[in-house]
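Here is a walk through selected parts of one model, with the sequence and coordinates to hand. Open it in your viewer and follow along.

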There are 2 protein chains.
Amino acid sequence: MAASSSFTILSHPKNSLLIPTTTAASSRVGALLHSRQRVTSRAATRAVRGARVGVVRATAVESLEKAETADEVVEKSVNTIRFLAIDAVEKANSGHPGLPMGCAPMGHILYDEVMRYNPKNPYWFNRDRFVLSAGHGCMLQYALLHLAGYDSVLEDDLKSFRQWGSRSPGHPENFETPGIEVTTGPLGQGIANAVGLALAEKHLAARFNKPDAEVVDHYTYCILGDGCQMEGISQEACSLAGHWGLGKLIALYDDNHISIDGDTAIAFTENVDQRFEALGWHVIWVKNGNTGYDEIRAAIKEAKSVKDKPTLIKVTTTIGFGSPNKANSYSVHGSALGAKEVDATRQNLGWPYEPFHVPEDVKKHWSRHTAEGASLEADWNAKFAEYEKKYPEEAAELKSIITGEFPAGWEKALPTYTPESPGDATRNLSQTNLNALAKVIPGLVGGSADLASSNMTLLKMFGDFQKDTPEERNIRFGVREHGMGAICNGIALHSPGFVPYCATFFVFTDYMRGAIRISALSEAGVIYVMTHDSIGLGEDGPTHQPIEHLASFRAMPNIFMLRPADGNETAGSYKVAVQNRKTPSILALSRQKLPHLPGTSIEGVEKGGYTITDNSSGNKPDVILIGTGSELEIAAKAGDELRKEGKTVRVVSFVSWELFDLQSDEYKESVLPEGVTARVSIEAASTFGWGKIVGSKGKAIGIDKFGASAPAGKIYKEYGITVEAVIEAAKSVM
Amino acid sequence: MAASSSFTILSHPKNSLLIPTTTAASSRVGALLHSRQRVTSRAATRAVRGARVGVVRATAVESLEKAETADEVVEKSVNTIRFLAIDAVEKANSGHPGLPMGCAPMGHILYDEVMRYNPKNPYWFNRDRFVLSAGHGCMLQYALLHLAGYDSVLEDDLKSFRQWGSRSPGHPENFETPGIEVTTGPLGQGIANAVGLALAEKHLAARFNKPDAEVVDHYTYCILGDGCQMEGISQEACSLAGHWGLGKLIALYDDNHISIDGDTAIAFTENVDQRFEALGWHVIWVKNGNTGYDEIRAAIKEAKSVKDKPTLIKVTTTIGFGSPNKANSYSVHGSALGAKEVDATRQNLGWPYEPFHVPEDVKKHWSRHTAEGASLEADWNAKFAEYEKKYPEEAAELKSIITGEFPAGWEKALPTYTPESPGDATRNLSQTNLNALAKVIPGLVGGSADLASSNMTLLKMFGDFQKDTPEERNIRFGVREHGMGAICNGIALHSPGFVPYCATFFVFTDYMRGAIRISALSEAGVIYVMTHDSIGLGEDGPTHQPIEHLASFRAMPNIFMLRPADGNETAGSYKVAVQNRKTPSILALSRQKLPHLPGTSIEGVEKGGYTITDNSSGNKPDVILIGTGSELEIAAKAGDELRKEGKTVRVVSFVSWELFDLQSDEYKESVLPEGVTARVSIEAASTFGWGKIVGSKGKAIGIDKFGASAPAGKIYKEYGITVEAVIEAAKSVM
């Protein structure tokens, strides 16, 4: 493949040395084009490429010098995108045609002229990432993936837009449609994900690239709308992007002045440009996003030339561009145009084709991406093979991050404890686990929302990921929980071996629940390190004391809510969390010191619920006492007391309801036999949901009101979360 | 009381007419000082007041001309505030001394020189509002309330800071401590509450003030810190504050460069001033917030002179000012100083007093606020009495908002339906209710987060609350759910008769859960109008389909989670929501059309769970079918089918679990008799929690995974939320 070898030339440093005379000639262009340091050699290879390879090839690989495709084909391609969106929404009679119609030009330029990807392997590591933060406009991306040759979006998929079982759901879903990087729709999540993707790239590039081998080198593009801009999560993430100087993040803001309620002027009159400048972004305004192709191209070129700042390109567009009667109005935002207006739009844009038709010249134009994408990947593979030879250690680490395969035996790094080990808060034990794991899991990175010293999340052997130290692994999120969660989703979905963790007080999951839900839905294995998990935090009072949070996450699909009781259970929780890359985990951890209990184990945690002590036989204890987290100690003590009185007592740790649900009926019966209805649960949280576990004859001890400000021990006593309460309840149900 | 009569002069228009000659002399000062139109007459009265009343009086009422208290007393008062905070935190060995030490100067100036309040009636309507958004620094406010003479914070309260049963909890709680306006601590909530308070004032002033009677006229002050600035919620709320031009909102930003993780530079390097300018705020920088009293005074004066924009005063302070070894470090943020450093600080600031001592001259200085506050309120009462005479209709409306007493019989405005009424989506029925209520509840104001036409929340007889039309009652929040919720908390807590409602898709409660929890905790009776409440929304797919949300709110204390099934139940839900001013309500409403079912009623809703149809006798049906919202229809249809087969079936609507829990045991037994274990529930949501209702022998039909993108009917069928499934389950449990 000629294209392949040309890219080898492009990326191989020795070639640049072969052609010193061309360097000077193109260095000015090169200086504008590249984000990493080796401008001269790159510029040189570009000159070579231009001379040897020819027009189409150059456009695909690095096309910004000049739009070398004929203007006509571009225009036709843009209208193809528009009508694929119009037709799909029309057929579904549901969806959002307005954004794709307005953003088709920037979409075309990104996917046809700018981005590097391999449509036949949407998971190629070094691809440019694209995020449609304004996810409701997903037909834009489906149309682009279709034209680019992704097998995930065939004509039938376009025709089954928003239908049962299709790969083209109503918002972009990474788990349904290869080529979609992250799941968007809830506004603002996507731009925050994009910050995470760009962070991941910057981190890996700094950590693994060598002067002679740039194995990590891609951009992150994002289209976001007015709605994304209004959401606080985007402010949080964009403030961090500016702080971190994520120069390879390029966000195109679809400035169309229309949201669902009409003109954005009714609620959104801030100066977005000025705000982004305040956040440390480079800001460019494309005044004519509807037909100003060269303006868009120039803006992206300029954005790439700014290497120390992320760029916001404000692209002023007309929502529903081309629709004679509905453009520039909210009516085109979220509804099908209707047959009459579809016809009028076809007339208006001179589009004589049947629905879903892709003209041959457009097809042909886009067809090159398949070969080129293969070539890009092959070249990268060759480059990586060379890297692996020269830097086997680094390559092994990077490979683990790329593939998600962890070093064999990694779980042996997890600490274990005996009842004799000195007691400790599970938040401290969590830090021990994190630091142990950081040595064996190359992709473990994370941090806290300004509570590192309370959440105990610092990796002691590493420094801070910052603008000028991006190779480090401690991330400082500031007090930005929602942005933090979404950034971690971006990191997790950048590469399967990333294991991002983030932390705050458990109660403040309320601030980031939008992002946590997207972790669960989009199968992003983020670890949520949530400390101060009950009234046990004491004096900070009810604003800081979670009550309903355990229940609220137990009800959420595809997430493990883990509440470990001690050292072994904290280690077990980390084992589960690290192992399950497609299910996020929340670890609820204590502020207060806890003892290591007899009978707890990593294996037990993996079953979700298990017996820690039992003096009965024949699976028929007089009573079963069930606890989680800091209250397992209380259950255990109550068990001891009752046994002194001659009772047979089983004490069960119920560390994760979801994991227990996954066990066999036999196993469940062995822990909670149907015949034993004398059950008491204790948890310093809402009793909501416990009814199912303790049954109608059992008792659930918990807290069904808000907490209070006082020393922790006092609150436990006043709220009746005590050994005495368990004993009393046990006696009442036996 | 001389002070009292001087204020009468100040506020009574005829006096200004009596003294025309003084007007010109002070009009320039007046122009700078006052935010409303009557500058001339006000300036005139000020001149009179200055001549007649004397120094102390003038300071209290309108003090910005000059700080007329001796510098020494101010300094001493500021140090009193610092040491009350230091001593209280030290005694509790828990708390945050750093902020009060740094913010004592601005705190002193606000409470002693600027704000108008009555310490003996913290609920006086026309008081200036103060919000400590950086709630962890609450000892600042407790110290100020104590000095100002509030009975809620006596010396004993300071000494029992953060202890069980005290009125000085670890973060400010309006429900514990009169004088605290809102509950803060979770960062960013407070500044957003302040936006709500300022909105409330601007709305009421525009709606009720007359050229000859300004009965609504107060400022809203807020102190916020770096943490608040980082939170997205503050960006959302502040963007709206700028958009609305809330000129009487004055936010003092404690710019101390320290957060829990250390120097804010590790995560927060944006240009805050520039950002606020971009948001349409007036921005002032006080460079020396530690000792620059006159700078602070001048800034507040300038802020008051800017009437069309909110003002951010960036006050650069030293956290822990005065502590020789801990100031300007994170160690003073959230821990007691320790005995040694307390001593060193006493030395350093020259403070010879015992812990908790308030020097006599400081006491004396502050003592005037009691008389002055009484006078302010008395004057206002007189003014309002006059207003009531002249404008009885407006006065009645305003009174309803001030007192929270609604017009007798207001609930008769709620619509009722029969099974013959045309079916409709509950979101549409909700709009009918809102529009009916708007006519009888003067304090009903609200809107949607850019989904007014989907949430159906527009009050048709009113326009939009906007900068230049603040008397209107439809609020356009833009896509800012979290800010919206917190703003509504501010409105609700401004005056008991405000009934704010806000709206988005139910799934996006995830974005605003932090604010919803504060509604519940702080007893703010906000109505959350949450539409598109299940997979019934169809094509938008799983990102937009709530699953776990009902359960997550059922687990939250002090909130009514209501899921009405039809017209009568929607009306009943509104009755509950409006009536309960200290418990917020969430209404989960359907996108899809639903029939009006036989047996539903407003009275039924008030009981939370009730029988809608039953063909059994003796409280012994063969089976009980339980549904909520859109699935009650399915339960009812299944009941009809089973009855055709000769079964006795009770169909129960379980519209609100919390309300059902409040009923007597007898009532509960009459609906769900213990003897009938054949129970089937159906709800298009997580089954989490239903175990307690249906019991171990019953069946809960629901959805324990994420939704899907397809037409609603198709998803219902594929997910087994069908009449057939209910019949099958019923047969299996009978």
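## Strands 18 and 19 in chain A

In this predicted model, A:Ile624 stands opposite A:Arg650, a residue of strand 19 of chain A. The two strands to pull up are strand 18 (residues 623–627) and strand 19 (residues 649–653) of chain A, which run parallel and are joined by five bridges.

Zoom out and you get an open sheet of five strands in chain A, in the order 17-19-18-20-21, with mixed pairing. Strand 17 (610–614) and strand 21 (699–701) of chain A sit at the edges, each pairing on one side only. On average, neighbouring strands of this sheet are turned by 20° against each other, if you ignore direction. Then there's helix 25 (residues 632–644) of chain A, which lies across strands 17, 18, 19 and 20 of chain A. Helix 25 runs at about 175° to strand 19 of chain A.

## The matching strands in chain B

Now hop over to chain B. How many of the five residues of strand 19 (residues 649–653) of chain B are buried? Five of the five, so this strand counts as mostly covered by the under 20% cut-off on relative accessible area. B:Val649, B:Val651 and B:Ser653 point one way, while B:Arg650 and B:Val652 point the other way. Note that B:Arg650 is on the list of buried residues too.

Strand 19 of chain B has two partners to look at. With strand 18 (residues 623–627) of chain B, the pairing is parallel, over five bridges, and B:Val623 stands opposite B:Val649. With strand 17 (residues 610–614) of chain B, the strands run antiparallel and four bridges join them. Here B:Asp614 has B:Arg650 as its bridge partner.

## The parallel sheet in chain A

Back in chain A, another open sheet has five strands, this time in the order 1-2-3-7-6 and with parallel pairing. Its edge strands are strand 1 (129–132) and strand 6 of chain A, each of which pairs on one side only. From one strand to the next, the twist averages 15°. Helix 14 (residues 293–305) of chain A packs on this sheet, touching strand 2 (220–225), strand 3, strand 6 and strand 7 of chain A. The direction of helix 14 makes about 175° with that of strand 6 of chain A.

Strand 7 (residues 311–316) of chain A is a good one to follow from both sides. Five bridges join it in parallel to strand 6 of chain A, where A:His282 has A:Thr311 as its bridge partner. Strand 3 (residues 249–255) of chain A also pairs with strand 7 in the parallel sense, over six bridges, and there A:Tyr253 is matched with A:Lys314. As for strand 6 (residues 282–286) of chain A, four of its five residues are buried, making it mostly covered.

## Helix 18 and A:Asn435

Helix 18 of chain A has 15 residues and reaches 21 Å from its first C-alpha to its last, close to the 21 Å expected at 1.5 Å a residue. Is it enclosed or open? Eleven of the 15 residues are buried, so helix 18 of chain A is largely enclosed by the rest of the structure. Polar residues feature in that buried set, including A:Thr426, A:Arg427, A:Ser430, A:Gln431 and A:Asn433.

A:Asn435 is another residue of helix 18 (residues 426–440) of chain A. Its relative accessibility is 12%, so A:Asn435 counts as buried. The side chain of A:Asn435 reaches the backbone oxygen of A:Leu458 at 3.0 Å. Beyond its neighbours within four places in sequence, A:Asn435 is in contact with A:Leu458, A:Leu459, A:Lys460 and A:Met461.

## The annotated position, A:Glu481

Which residue does UniProt mark as "active site"? The unreviewed entry places that feature at A:Glu481. A:Glu481 belongs to helix 20 (residues 481–494) of chain A. Why does A:Glu481 count as buried? Because its relative accessibility is 4%, and the cut-off for buried is under 20%.

For the surroundings, set aside the neighbours within four places in sequence. A:Glu481 is then in contact with A:Glu236, A:Ala449, A:Thr504, A:Phe508, A:Tyr511 and A:Met512, and also with B:Glu231 from chain B.

Conventions
Residues are numbered from 1 along each chain as its sequence is written. Chains are lettered from A and ligands numbered from 1 in the order in which they are written. This is a predicted model: local features need pLDDT of at least 70, side-chain atom pairs count only at pLDDT 80 or more; totals for chains, interfaces and linings use all residues. Side-chain values use heavy atoms; hydrogens and water are left out. UniProt positions are given in the numbering used here, feature names are shortened, and annotations may be inferred rather than shown by experiment. Buried means under 20% relative accessible area, exposed over 50%, partly exposed in between (1.4 Å probe, protein chains only). Contact means heavy atoms within 4.5 Å. A polar contact is a pair of N or O atoms within 3.5 Å; within protein, one must be able to donate a hydrogen and the other to accept it, and residues adjacent in sequence count only if both atoms are side-chain atoms. The expected span of a helix is 1.5 Å times one less than its number of residues. Two strands pair if DSSP finds at least two bridges between them. Axes are lines fitted to C-alpha atoms, for helices over the stretch in contact, and angles run from 0 to 180 degrees between N-to-C directions.
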